[in-house]
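Open the model in your viewer and keep the selection tool ready. The stops below go from one side-chain contact to the next.

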Amino acid sequence: MFLVGSFIVICGLLAQSTAQLAGLPLPLGQGPPLPLNQGLPLPLNQGLPLPLNQGLPLPLGQGLPLAVSPALPSNPTDLAGSFTNALSDGLLARGLLGILENIPLLDIIKSGGDNSNGLVGGLLGKLTSSVPLLNNILDIKITDPQLLELGLVQSPDGHRLYVTIPLGFKLKVNMPVVGSLLQLAVKLNITAEVLAVKDNQGRIHLVLGDCTHSPGSLKITLLNGVTPVQSFLDNLTGILTKVLPELIQGKVCPLVNGILSGLDVTLVHNIAELLIHGLKFVIKV
């Protein structure tokens with residue numbers, strides 16, 4: 001009977017101790033084991049803090065957007081060739097050859113460009129006073145004008161284009177005192193600078209920069225006819241060297257400016273984007 005009573009007392013004490021322990025908090029970081037791969041639930045919209053400068057991984061092949069420069073065309077020569085072809089076709093369509101052929105060259109030389117005090121007029125006055133043969137020129141006419149294949153180069157920084165416009169024509173000089181018609185062959189290059197600009201609305205345009213004759217590109221040679229007095233030929237060549245480059249330049253450059261403003265929009269956009277970013281696309285044209 002004593003043993004049974006003792007057993008009952010011990011069981012009662014154990015039950016009381018278990019109940020007390022159930023109400024006590026567990027030591028920090030210590031709790032009953034959780035099933036495999038299962039953690040404690042987190043409060044809504046709250047996750048574990050990530051290490052500094054470390055974010056969640058992005059999907060494969062996807063990153064933050066970067067500023068992208070325009071890609072070079074698959075065949076840059078096609079773009080450059082399309083540009084020079086458009087310029088060449090535009091010059092012909094706007095009547096460049098006819099404009100050259102109809103220049104009243106003799107009148108311009110004798111009038112000094114409608115200014116007797118101008119460079120041409122002053123030069124002609126000095127020459128005619130020393131070489132009376134020049135007073136007997138009946139006519140100087142441009143014939144057989146030709147627009148040769150255009151050249152194209154890109155500036156070292158990639159932001160500009162330089163278009164070479166080579167022209168060829170003949171000069172027929174009617175000189176009765178010589179006894180025959182003189183023919184002179186003339187070659188001259190005009191160089192046009194082309195730049196890309198953005199207007200206030202963000203639209204891109206190709207515009208004409210400097211446009212002038214290429215220094216040293218003027219070539220004048222005697223084709224046929226009785227060789228005149230050398231001093232006369234030298235003086236005539238000297239006058240033409242002073243007059244022709246600026247005269248021809250004044251006819252060609254306004255045409256180029258007009259052509260640039262009327263080029264195909266897609267062609268202009270593609271070229272201008274590359275020029276603005278300084279990307280080289282002119283290989284050799």
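This predicted model holds 4 salt bridges. Start by selecting K170 and D144, whose side chains form one of them, with N and O 3.6 Å apart. K170 sits in strand β3 (residues 160-175) and D144 in strand β1 (residues 139-147), so this salt bridge ties together parts that are 26 residues apart in sequence. K170 is partly exposed, at 30% relative accessibility, and D144 is partly exposed as well, at 43%.

Next, select E193 and R160. Their closest N and O atoms are 3.0 Å apart, in another salt bridge. This pair also links distant parts of the chain: E193 belongs to strand β4 (residues 180-198) and R160 to strand β3, 33 residues apart. E193 is buried because its relative accessible area, 9%, is under 20%. R160 is partly exposed, at 28%.

Select R203 and D199 for a further salt bridge, 3.0 Å from N to O. D199 is partly exposed, with a relative accessible area of 22%. Then add D157 to R160 and E193: salt bridges with shared partners join these residues into one network.

Now move to the cysteines. The structure has 1 disulfide, between C211 and C253, with an S to S distance of 2.0 Å. It links distant parts of the chain, from C211 in strand β5 (residues 204-213) to C253 in helix α6 (residues 230-261), 42 residues apart. The torsion about the S-S bond of C211 and C253 is about -85 degrees, so the disulfide is left-handed. Both C211 and C253 are buried.

Finish at T84, in helix α2 (residues 76-93). T84 is buried, at 5% relative accessibility, and its side chain reaches the backbone oxygen of G81 at 3.1 Å.

Key. Residues are numbered from 1 along each chain as its sequence is written. This is a predicted model: local features need pLDDT of at least 70, side-chain atom pairs count only at pLDDT 80 or more; totals for chains, interfaces and linings use all residues. Side-chain values use heavy atoms; hydrogens and water are left out. Helices (H or I, at least four residues) and strands (E, at least two) are DSSP runs, numbered from the N terminus. Buried means under 20% relative accessible area, exposed over 50%, partly exposed in between (1.4 Å probe, protein chains only). A polar contact is a pair of N or O atoms within 3.5 Å; within protein, one must be able to donate a hydrogen and the other to accept it, and residues adjacent in sequence count only if both atoms are side-chain atoms. A disulfide is a pair of cysteine sulfur atoms within 2.5 Å.
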